[in-house]
Amino acid sequence: MRNKFTTLCALILAFCVICGGLSGCAKKSNVAASGIPQKIICLSPAGTEILFAIGAQEQVIAVSEFSDYPPEALEKPVIGGFDGKSISLEKILAMQPDFVYLTDGMHNFMIPQLETYNIRYYLSNASSIAAIKKEITELGEITGHTKEAAKVVEEMTLAEEEARANSTSENSSPRVYYEVWANPYMTAGTSSFINDIITAAGGSNIFSDLTENYPLISEETIIARNPEFIFIPITSGITKKQVAARNGWSQIDAVKNGRIILIDDNVYTRSGPRVANCIKEMSEIFAK
């Protein structure tokens, strides 16, 4: 399942590259209507994590595939895959939800019909840590869990502050290469929340000069920019030895010093509360 999820993420990110990033012009929501939703369908794993974190789990009647955190989310009915093409709008309507949690760039096609049936929705586009916090706050207000949402945001902020405290002057702003995909090479650009994670943890993304969320890059450029840390998605199946054996990579500082890190991309790629855990984990890696 996790390998399947990684493949899916890569396809989504490739879509963002082709289209120049997620849509910024779509209407974000139509939640002005009064009343707290009691029958929520969530179409993204990150959204599910947010709803459970703020205490709105009892209001959730269905989730998308791969919504596996927290473990209790596995008990919810699955409405379809994360990819918009694998979700049946008819099935959603049959469940008679009063609120649908969408992802911009994936589920926009559903908006006209949801509006036709007067079903409220929220269109997620959390491309930064600040945007993730804002989304958590907004979902707290929408679902009637304002205080719980504020606590989640506060805990995230405290984790960020702790991460900054872990940073050492001896290894200030180490150069970081975060690999999203290897065939072709894809990384995190400056407009991605992964870039925010690296920065908040005290690192310096070697591709922060690229404006795309998840740009395609050349192997030669990776080598030339000489990262001190390399982060590889564990679900790719690529080993540290395989990375070190790549043509020309032996000259990279991260390879020379054994700083190739396998990370749980099932956590790092989700724009939810656990980005705070990622910041803390990465900062501790830099501090070693």
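Accessible areas here come from the Shrake-Rupley method with a 1.4 Å probe. The exercises below concern a predicted model.

**Exercise 1. Describe the chain as a whole: what area does the protein chain expose, and what percentage of its residues count as buried?**

Solution. Begin with the surface: the protein chain exposes about 12900 Å², and carbon and sulfur atoms supply 52% of that area. Next consider burial, for which the cut-off is under 20% relative accessible area; of the 288 residues, 51% count as buried. Then take the secondary structure, which comprises 12 helices and 10 strands. Finally, among contacts with a separation of 6 or more, residues 24 or more positions apart account for 63%.

**Exercise 2. Determine how strand S4 is placed: which strands pair with S4, and in what sense?**

Solution. On one hand, strand S1 (residues 40-42) pairs with S4 in the parallel sense over three bridges, and Ile41 stands opposite Val100 of S4. On the other, five bridges join S4 to strand S5 (residues 120-124), and these two run parallel, with Ser124 in S5 as the bridge partner of Thr103. Between S4 and S5 the chain crosses through helix H4 (residues 111-116), in a β-α-β crossover that is right-handed. Now turn to the faces of S4: Phe99, Tyr101 and Thr103 lie on one side, Val100 and Leu102 on the other, and all are buried. Because five of the five residues of S4 (residues 99-103) are buried, the strand is largely enclosed by the rest of the structure.

**Exercise 3. Examine helix H12: which of its residues are buried, and what does Ile279 touch?**

Solution. Helix H12 (residues 275-287) has 13 residues and reaches 18 Å from its first C-alpha to its last, close to the 18 Å expected. Its buried residues are Val275, Ala276, Cys278, Ile279, Met282, Ser283, Ile285 and Phe286. In reading such a list, recall that an α-helix has 3.6 residues a turn, so residues three or four places apart point the same way. Ile279 counts as buried because its relative accessibility is 0%. Leaving aside residues up to four places away in sequence, Ile279 touches Ile129, Glu160, Ala163, Ile197, Ala200 and Ala201.

**Exercise 4. Relate H12 to the largest nonpolar core: how many residues does the helix give?**

Solution. The largest nonpolar core has 48 residues, of which Leu51, Ile136, Ile197 and Phe231 touch the most other members. H12 gives the most to this core, with seven residues. As for Phe231, its contacts beyond four places in sequence include Met282, Ile285 and Phe286, three residues that are among the buried ones of H12.

Conventions. Residues are numbered from 1 along each chain as its sequence is written. This is a predicted model: local features need pLDDT of at least 70, side-chain atom pairs count only at pLDDT 80 or more; totals for chains, interfaces and linings use all residues. Side-chain values use heavy atoms; hydrogens and water are left out. Helices (H or I, at least four residues) and strands (E, at least two) are DSSP runs, numbered from the N terminus. The expected span of a helix is 1.5 Å times one less than its number of residues. Buried means under 20% relative accessible area, exposed over 50%, partly exposed in between (1.4 Å probe, protein chains only). Contact means heavy atoms within 4.5 Å. A nonpolar core is a set of buried Ala, Val, Leu, Ile, Met, Phe, Trp, Tyr and Cys residues joined through side-chain atoms within 4.5 Å. Two strands pair if DSSP finds at least two bridges between them. A crossover is right-handed if, with the strands pointing away from the viewer, the path from the first strand over the helix to the second runs clockwise.
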